[in-house]
Amino acid sequence: MATNLVNVEAVGKVYGTRALLDGISLGVNEGDRIGVVGRNGDGKTTLIRILAKLEPADTGRVTHAGDLRLGVLTQHDSLDPAATVRHEVIGDLADHEWAGDARIRDVLTGLFGGLDLPAFPQGLDTVIGPLSGGERRRIALAKLLIAEQGMIVLDEPTNHLDVEGISWLAGHLRARRSALVVVTHDRWFLDQVCTRMWDVQRGVVHEYEGGYSDYVFARAERERIAATEEAKRQNLMRKELAWLRRGAPARTSKPRFRIEAANALIADVPPPRDSAELMKFANSRLGKSVFDLEDVTVTAGPKVLLRHLTWQLGPGDRIGLVGVNGAGKTSLLRALAEAARTEGETQPEAGRIAVGKTVKLAYLSQEVAELGPDVRVLEAVEQVRQRVDLGKGREMTASQLCEKFGFTKEKQWTPVGDLSGGERRRLQILRLLMDEPNVLFLDEPTNDLDIETLTQLEDLLDGWPGSLVVISHDRYFIERTTDRVLALLGDATLRMLPRGVDEYLERRQRVLAAAAPAAPARQKAAEQPAGGRPSAAEQRAAKKELQRIERRLDRISEQESTLHDDIAQNATDFTKVAELDARLRELTGEREELETRWLELAEDV
């Protein structure tokens, strides 16, 4: 029988006149992995803070097992700004001690990309004070994961992590023996890690077995039983269920619940999007041309982010854009947005961007545009437009769209200055959509949004006719809203990934594996006595082979670029795409072998 670690008995918490938690009784046992979901403001963070005894309850009690070692990651770290990363994460351990610890190596590599922390100016000896909030949060997470705990409580741990970091964290937490309670809006992460779910709603916590997929099915069944009218059946949960059953090919987890009633709810639900109808409508709104890039080079200061890029964003295209941080995702969108704003007058450093004459672009950036603090929510939306045409005869007033995004009648009269970060993000998206754009760029749209708001946004985008480009670390959102995934892998090229985010992670692993032998090789070369170095003849032979490999790598790069273009042009011919992808895989394998050999030879010369 599993040991009880934390027990919550009849806990209540009141803020002002609102009961945030009302008579909650819960328990956490050894080995539990619990995901906490619910709307922003419904008490998720308050619940886990009370659970961890960081905040007192007004009523009831919380008890911990006497020997419980508890680790907590809050949304605000307590790191010493004067300390170094080494001091906070590794403590007083000597280099040979921490370098010989597999857990420490795994955490540093998974969260920072290497033991020497390549993204930090002085590596482990970097002072914490000047670092960004995202960097500090990674350090706090690393410090927590390196320690041994019986239970871990994490509040939004995937914030500031990229797709690779989230994938690593999911695998790391699955392998740990610690019990886990985690608040996150990342639904893929919940499905990968959690075996139970707590749904916080209006002061009550509903418990479900399984991950996010299981929770959706079980919650639908709960609502079906409780429903007293047909209107309850016409909610967003039906689309979410249909997506989980028929959605992204990259989804591999199978729901453990097989609830016949829940299946009946989606028996007559069509696919989330009618792609043919949306494409037809998009063509009528946009014509044949949206953005055409020819031999474009995008730079950031002296750094070349994209080189000789030839690509086309067509009417109705729904693109997910992934890549390593700093590879140029946001810079590419900014270059396109600037060209659209100036009607093609502003061009990149090299190449040309042609903008369709009918393009009306809306760009959701990572920065939240500030409005006057005294402006009411409804007034801020109506400043853009009173009504919005959603296509296919659907029309909404500003007030109706506000309600769809969680702004109730009362909330619509709240001053903008009183809104939370997530609510301001929602308002920013609302204002963009009210302007009736036909091209939409979304840069990290899921930041600060709860799961319910995300499903509402996804539902709205399902019927939105236009061209869409999404940058996001939330792979569930990318798979849910887009049809194709393109990647920036840090080599100044844009690549199409037929298998989506899974293929991106595989490619990144191969790149890192190919680079891994370089460090040991350098160390070996440094330790090698002078008499053991290659002879002059051997070095000349190595140089010739290096030159041959470099020429072949250049040709492979050109061939890969051509294949990516061919795949894009034949996107609807699946047989042709499969043939081209097979050839692309062959070239990728050959390139990786050559790169490994190049690293070996480079040490000799």
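This passage describes the nonpolar cores of the structure and the surroundings of two of its residues, Arg33 and Glu338. The model is predicted, so that local features need pLDDT of at least 70 and side-chain atom pairs count only at pLDDT 80 or more, whereas totals for chains, interfaces and linings use all residues. Residues are numbered from 1 along each chain as its sequence is written, and side-chain values use heavy atoms, with hydrogens and water left out.

The largest nonpolar core (a set of buried Ala, Val, Leu, Ile, Met, Phe, Trp, Tyr and Cys residues joined through side-chain atoms within 4.5 Å) has 83 residues, and those with the most contacts inside it are Phe291, Leu293, Trp311, Leu336 and Tyr504. A second, separate core of 47 residues includes Ile104, Ala140, Val193 and Tyr476. Here buried means under 20% relative accessible area, exposed over 50%, and partly exposed in between, with a 1.4 Å probe and protein chains only.

Arg33 is found in strand β3, residues 33-37, a strand being a DSSP run of E of at least two residues, numbered from the N terminus. Arg33 is buried yet has no salt bridge (a side-chain nitrogen of Lys or Arg within 4 Å of a carboxyl oxygen of Asp or Glu), and the nearest side chain of opposite charge, Asp32, is 8.4 Å away. The side chain of Arg33 does, however, reach the backbone oxygen of Arg176 at 2.5 Å.

Glu338 lies in helix α12, residues 329-341, where a helix is a DSSP run of H or I of at least four residues. Glu338 is partly exposed, with a relative accessible area of 28%.

Methods:
Lys and Arg count as positive and Asp and Glu as negative; His and the chain ends are not counted. A polar contact is a pair of N or O atoms within 3.5 Å; within protein, one must be able to donate a hydrogen and the other to accept it, and residues adjacent in sequence count only if both atoms are side-chain atoms.
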